[in-house]
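Student: Hi, could you walk me through this structure with me? I'd like to talk about its surface and its charged pairs.

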Amino acid sequence: MFTRLVQLAALLVAFALPAGPALAQGSLSDTFSGEELIESGQEFFGSAAQGLASVVERAVSQFGLPNGYVLGEEAGGAIFIGAKYGEGTLYTRNAGQYSVYWQGPSIGFDIGGDGSKVMMLVYNLSTIQDILGRYPGVDGSAYVIGGVGMTVVKRGNVVVVPIRSGVGARLGINVGYLHFTNQPTWNPF
């Protein structure tokens with residue numbers, strides 16, 4: 001009950017405060033450099049950061065400099081039908097930090113389970129709320145112990161590039177979506 005009251009109070013305060021400044025990718029001061037991303041990622045991933053620099057460099061060369069990024073953790077599993085759940089913090093240059101949650105179903109030739117630390121590069125945010133919603137995509141995994149991998153999902157103008165370093169046993173390919181929310185939920189849809 002107390003938690004619900006705190007959530008309600010936070011919601012009321014959020015609506016009462018003026019909105020923060022809009023984010024745009026046009027100005028270099030609004031984006032994060034490749035070096036900043038690699039440094040944050042190496043601090044976050046720790047010893048699992050091998051290969052992170054090359055994956056970040058590949059994403060930056062393909063999509064440019066992001067104006068936000070998420071550091072978080074996720075877990076998932078599948079036996080042809082699967083689900084994944086994650087939570088993290090969205091970092092922006094101009095609007096601060098925000099907690100985000102994601103979940104999503106998947107279906108395909110996919111078996112196994114995994115747990116990952118995740119860095120998501122976020123492009124073309126004009127407001128924080130732009131990240132919220134469903135991002136369809138295709139994902140493939142093939143590892144027994146761990147590894148670093150990158151996927152790309154897009155919704156409207158917003159592009160999210162999840163970079164995962166995980167452990168587990170997973171093999172397959174699936175189609176599904178990531179649903180970003182500002183509250184945690186067990187419903188993967």
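Student: Which residues form the nonpolar patch on the surface?

Tutor: Ile79, Phe80, Ile81, Ile107, Phe109, Ile111, Val138, Ile173 and Val175, with about 960 Å² of accessible area together. Patch residues have over 30% relative accessible area and no salt bridge, with like charges joined within 9 Å and nonpolar side chains (Val, Leu, Ile, Met, Phe, Trp, Tyr) within 5 Å. Areas are Shrake-Rupley values with a 1.4 Å probe, and for residues only the protein chains shown count as cover. This is a predicted model, where local features need pLDDT of at least 70 and side-chain atom pairs 80 or more, while totals for chains, interfaces and linings use all residues. Residues are numbered from 1 along each chain as its sequence is written, and side-chain values use heavy atoms, without hydrogens and water.

Student: Which strands each supply at least two of the patch residues?

Tutor: β1 (68–92), β2 (97–123) and β6 (158–181); strands are DSSP runs of E, at least two residues, numbered from the N terminus.

Student: And Ile111, buried or exposed?

Tutor: In between: Ile111 sits in strand β2 and is partly exposed because its relative accessibility is 45%. Buried means under 20%, exposed over 50% (1.4 Å probe, protein chains only).

Student: New topic: how many salt bridges are there?

Tutor: There are 2, each a side-chain nitrogen of Lys or Arg within 4 Å of a carboxyl oxygen of Asp or Glu. Glu74 pairs with Lys84 at 3.8 Å, N to O, and with Arg164 at 2.4 Å between the closest N and O atoms. The Arg164 pair joins strands β6 and β1, so it ties together parts 90 residues apart in sequence.

Methods:
Helix = DSSP H or I, 4+ residues; strand = E, 2+ residues; numbered from the N terminus.
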